[in-house]
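I pulled this one up to see which residues sit inside, which sit outside, and what packs on what. Notes below, in the order I looked.

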Amino acid sequence: FNAQRQEIKAAFKTLHGNDLVDNLKSELGGKFESLIVALMTPPIMYDVTCLRDAIKGAGTDEKGLIEILASRLPNEVNEIKSLYKREHNDDLEKDVTGDTGGNFSRMLVVLLQASRQQGIQEDLIQSDAQALLAAGEQKYGTDEGQFITILGNRSNAHLRRVFEEYRKLSGYEIEESIQRETSGTLQEVLLAVVKCARSVPGYFAESLYNAMKGAGTDDQKLIRIMVSRSEVDMMDIRAEFRKRFATSLHKTIQGDTSGDYRKALQLLCGGDDA
C-alpha cells in the first residue's frame, strides 16, 4: 500500500541519510523507473505531479488534464488544488486557464470548482434533459454553455437520470449528441465527464484498453491509471474491462508490455479474470 511505501521511504532516509527515490532513479531506467517512482509518490501528490507535467511540459497534455479532472471526487480536487499551491506556489486554476482556451478552459474551470451538487434533484431531471436538447440537437449551432453548466455541476447519480430522460425525449444517447454538437478538446472533456457519470471504473477500463490497443502503447497513460487506481477501484476496472472487451486486463498487459515493467503492472492489476 502507498502508506507503507511512505514509511519505507522515511525509514530509508533515517538509515542511509539519502533519498530512496533518488537512489531508485539512479539504479533504474525508462518506463520501469517511471512506474516505480510513481508508486513511491503519495496519491494526491501524484495527481499534482501529473497535472503539473501536463501543463508545464512541452505543449499541453490535454488528455492528462481531462482524465484527472473529470474523474476525481470533489474533495480530491480540493486537496489537489491546495497541495498544488503548496508545492509550486502557483494557482492550479490560473495555470490551467493560462494553458487552455475557450469552452474547453471554461469546462475545466467548472470542474476545478469541485462544487458538484449532491444527490438527485427530481424536479430538475426533466428540465435538464430539455435544456441539453434545446442547446444542441434542436438549435442551429450549439449553446455549449448549457452543456458545461449541467454536466459540470450535477451529481453523477442525477446525470444518469438526466441521460435516461434525454434518450426518451430525443431518441439519442447524450454521447451521440455531444459528438455531433461539439468538437476538439471540449468534446473530449464532455465525453469523459459523461463516461465518469455512467461509471468511473468503466471510463478507466476503456482508457486502459485505448492505451494498449493497436500498434504502440501509451505508457504514460497506462502508468498513470494503473498507479492512481491501484488502491481505489482496480477490481471494478478489471470487471468492466472483462465485460467490455472479452479479454482480461491482465492478459492485455501481458501482450503489450515486457520485463520487470510488465511484472509490476500485473502485480498492480492483481489476478487474471480469464
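**A246 and N89**

I started with A246, which counts as exposed because its relative accessible area is 65%, and exposed takes over 50%. This is a predicted model, so everything here is read off a prediction. A246 sits in the loop between helix 16 (234-245) and helix 17 (249-256). I checked its backbone too: phi is near 50 degrees, a positive value in a residue other than glycine.

N89 gave me another positive phi in a residue other than glycine, near 55 degrees. I found N89 in the loop between helix 6 and helix 7 (92-99). Its relative accessibility is 62%, so N89 goes down as exposed.

**F241 and L208**

Next I went to F241, in helix 16. Buried or exposed? F241 is buried, with a relative accessible area of 0%. I listed what F241 touches, leaving out residues up to four places away in sequence: A205, L208, Y209, A246, T247, S248, L249 and T252. So A246 turns up again, as a contact of F241, even though A246 itself is exposed at 65%. For a long-range check I took A114, which is 127 residues from F241 in sequence and 28 Å away in space, C-alpha to C-alpha.

From F241 I followed the contact to L208, which lies in helix 14. L208 is buried as well, at 0% relative accessible area. The two are 33 residues apart in sequence and 8.5 Å apart C-alpha to C-alpha. With residues up to four places away left out, L208 touches L222, I225, M226, I237, F241 and L249.

**The nonpolar core**

Which residues touch the most other members of the largest nonpolar core? I got L35, M107, L151, L208, M226 and L249, out of 81 residues in that core. Helix 13 gives the most to this core, nine residues. In soluble globular proteins, nonpolar side chains tend to be buried together.

I looked up L35 separately. Not counting residues up to four places away in sequence, L35 touches I223, V227, Y261, A264, L265 and L268.

**Helix 13**

Given that contribution to the core, I went through helix 13 itself. Helix 13 covers residues 184-198, 15 in number, and reaches 21 Å from its first C-alpha to its last, close to the 21 Å expected. I noted its buried residues as L186, Q187, V189, L190, L191, A192, V193, V194, C196 and A197. What covers them? The cover includes helix 5 (62-71), helix 8 (102-112), helix 10 (144-153), helix 11 (156-170), helix 12 (174-181) and helix 14 (200-212).

**T182 and S177**

T182 is in the loop between helix 12 and helix 13. I have T182 as buried, because its relative accessible area is 7% and the cut-off is under 20%. Leaving aside neighbours within four places, T182 is in contact with Q187 and L190, both on the buried list for helix 13. The C-alpha atoms of T182 and Y172, 10 residues apart along the chain, are separated by 15 Å.

S177 is in helix 12, and at 0% relative accessibility S177 counts as buried. With neighbours within four places left aside, I found S177 in contact with E137, Y166 and Y172. S177 and L112 are 65 residues apart along the chain, with 25 Å between their C-alpha atoms.

**Helix 9**

I then checked helix 9 (residues 122-135). Its 14 residues reach 21 Å from first C-alpha to last, close to the 20 Å expected. Its buried residues are I125, D128, A129, A131, L132, L133 and A135. An α-helix has 3.6 residues a turn, so residues three or four places apart point the same way. The buried residues of helix 9 pack against helix 10, helix 11 and helix 12.

**The largest pocket**

Last, I looked for space. The largest pocket holds about 430 Å³. Of its 26 lining residues, S71, R72, L73, P74 and N156 are the closest to the centre. I sorted the lining by type: 13 nonpolar, eight polar and five charged. Helix 5, helix 6 (74-88), helix 8 and helix 13 each supply at least two residues of the lining.

Note on methods:
Residues numbered from 1 in each chain as written. Predicted model: local features only at pLDDT ≥ 70, side-chain atom pairs only at ≥ 80, totals over all residues. Heavy atoms only, no water. Helix = DSSP H or I, 4+ residues; strand = E, 2+ residues; numbered from the N terminus. Expected span 1.5 Å × (residues − 1). Buried < 20%, exposed > 50% of the residue type's maximum accessible area, 1.4 Å probe, protein only. Contact = heavy atoms within 4.5 Å. 1 Å grid on protein atoms, 1.4 Å probe; cavity = no way out; pocket = protein on both sides within 12 Å on 5 of 7 lines; lining within 4 Å. Points joined across faces, edges and corners; volume = space filled by probe spheres on them. Nonpolar A, V, L, I, M, F, W, Y, C, P; charged D, E, K, R; others polar. Core = buried A, V, L, I, M, F, W, Y, C linked by side-chain atoms within 4.5 Å.
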